[in-house]
Amino acid sequence: GETDQRMSPRVGPLLREVARLPGDGYNPSAVSVFHQLVVRALPLMPRALVWRVARRYVAGTTLEDAVRTVRELNEKGMMATVDVLGEEVDEPERAEAFLEEYVRVYETIEAEGLDANVSVKPTMLGLVIDRDLCHRSLERLAEVAAARDNFLRIDMEDRRTTRATLEIYRSLQARFGAVGTVLQAYMRRTLRDIEELPAEGANIRLCKGIYIEPRSVAWKGYETVRLNFLRALQALLDREIYVGIATHDEFLLCGAEAEIRRRGLSRNEFEYQMLLGVEEELRDVLVGAGHRLRVYVPYGRDWYAYSSRRLRENPRIAGHVIRSFLRGS
């Protein structure tokens, strides 16, 4: 559990190796070694240690925690997307429970007067069990969102779900309008998927992508993914699609800014999106420049898998916690 402080006998040596790495300055070779060690150590770390870092990326375990976080963001001029953590559900009863929790999220957003919408993973609502079950559940959420003048974002997961997710999205968007989905710049199919989006009313969050995919379906080069991100952004804007530009990469933000200026877009024709706990200074810079910015606010008891992915992206943060943990033990 979250309070279990015991460590596997294998993790101690790994953590001590991480703790000995230099913590200041930038040394590419040291960072590479650091990254490898932290990623290797993650599955062996006690959950209490991971939770110390997870709190940076997760609002908490309850909806009340999420409400407090969203309210703080709103007070700073930022919007939010609320996400209930969980995925790969293989029991219909759990899928139903998550559906009801999302209905409660919509009701709470309305009751609290929050500037927030909702994002949901199809596998949480049973996509791996039965596509029709997932479709019906997302349809209900689209109805709930429409009744409250809100919005539903259908998240994108790994390659096994891409086709079904896009098909469900197109079906619900045609009926309800205020439904969006996500495209990932590292996927080779993304530019083609943009061409097949609805002619009117499409709403896309564009991100790099985080799931581990084979080279046959995903671009692997760092600069290649960046290039495809900007190509995808241009293709979306060419079709006058509303885009949530979801990145913390300053190079991509600079490229997006140049594209927005070149086209003369108003602030209501796009938005920036960032994760909770990541690049907060840059987030403030964008809001200070007058841009609309939405922060992804996840919560729930299933925080471990999400937080582990965040740490694999940014092992430096985990390293600081590991060092403090060892020095205090």
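Contact here means that heavy atoms lie within 4.5 Å of each other, and in this predicted model that criterion shows how helix α6 is set among its surroundings. The buried residues of α6 pack against α5 (92-112) and α7 (162-176), and also against the strands β2 (116-120), β3 (152-154) and β4 (179-184). Those buried residues are Leu-133, Cys-134, Ser-137, Leu-138, Leu-141, Ala-142, Val-144 and Ala-145. In an α-helix, residues three or four places apart point the same way, because there are 3.6 residues a turn.

The length of α6 can be checked as well: its 17 residues (131-147) should span 24 Å at 1.5 Å a residue, and its end C-alpha atoms are indeed 24 Å apart, which agrees. Just after the helix, Asp-149 takes a positive phi of about 55 degrees.

Two residues of α6, Leu-138 and Leu-141, are among those that touch the most other members of the largest nonpolar core, which has 79 residues; α5 gives the most to this core, with eight residues. Leu-125 is also one of these highly connected members, and, leaving aside neighbours within four places in sequence, Leu-125 is in contact with residues including Ala-95, Phe-98, Leu-99, Leu-133, Leu-138 and Leu-141. A second, separate core of 13 residues includes Val-278, Tyr-296, Trp-303 and Tyr-306.

Gln-273, in strand β7 (residues 270-275), counts as buried because its relative accessibility is 7%, where the cut-off is under 20%. The side chain of Gln-273 makes a polar contact of 2.8 Å with the side chain of Glu-271, and, beyond its neighbours within four places in sequence, Gln-273 is in contact with Arg-153, Arg-205 and Arg-294, as well as Gly-244, Ile-245, Ala-246 and Thr-247.

Key. Residues numbered from 1 in each chain as written. Predicted model: local features only at pLDDT ≥ 70, side-chain atom pairs only at ≥ 80, totals over all residues. Heavy atoms only, no water. Helix = DSSP H or I, 4+ residues; strand = E, 2+ residues; numbered from the N terminus. Buried < 20%, exposed > 50% of the residue type's maximum accessible area, 1.4 Å probe, protein only. Polar contact = N/O pair within 3.5 Å; in protein donor to acceptor, adjacent residues only side chain to side chain. Expected span 1.5 Å × (residues − 1). Core = buried A, V, L, I, M, F, W, Y, C linked by side-chain atoms within 4.5 Å.
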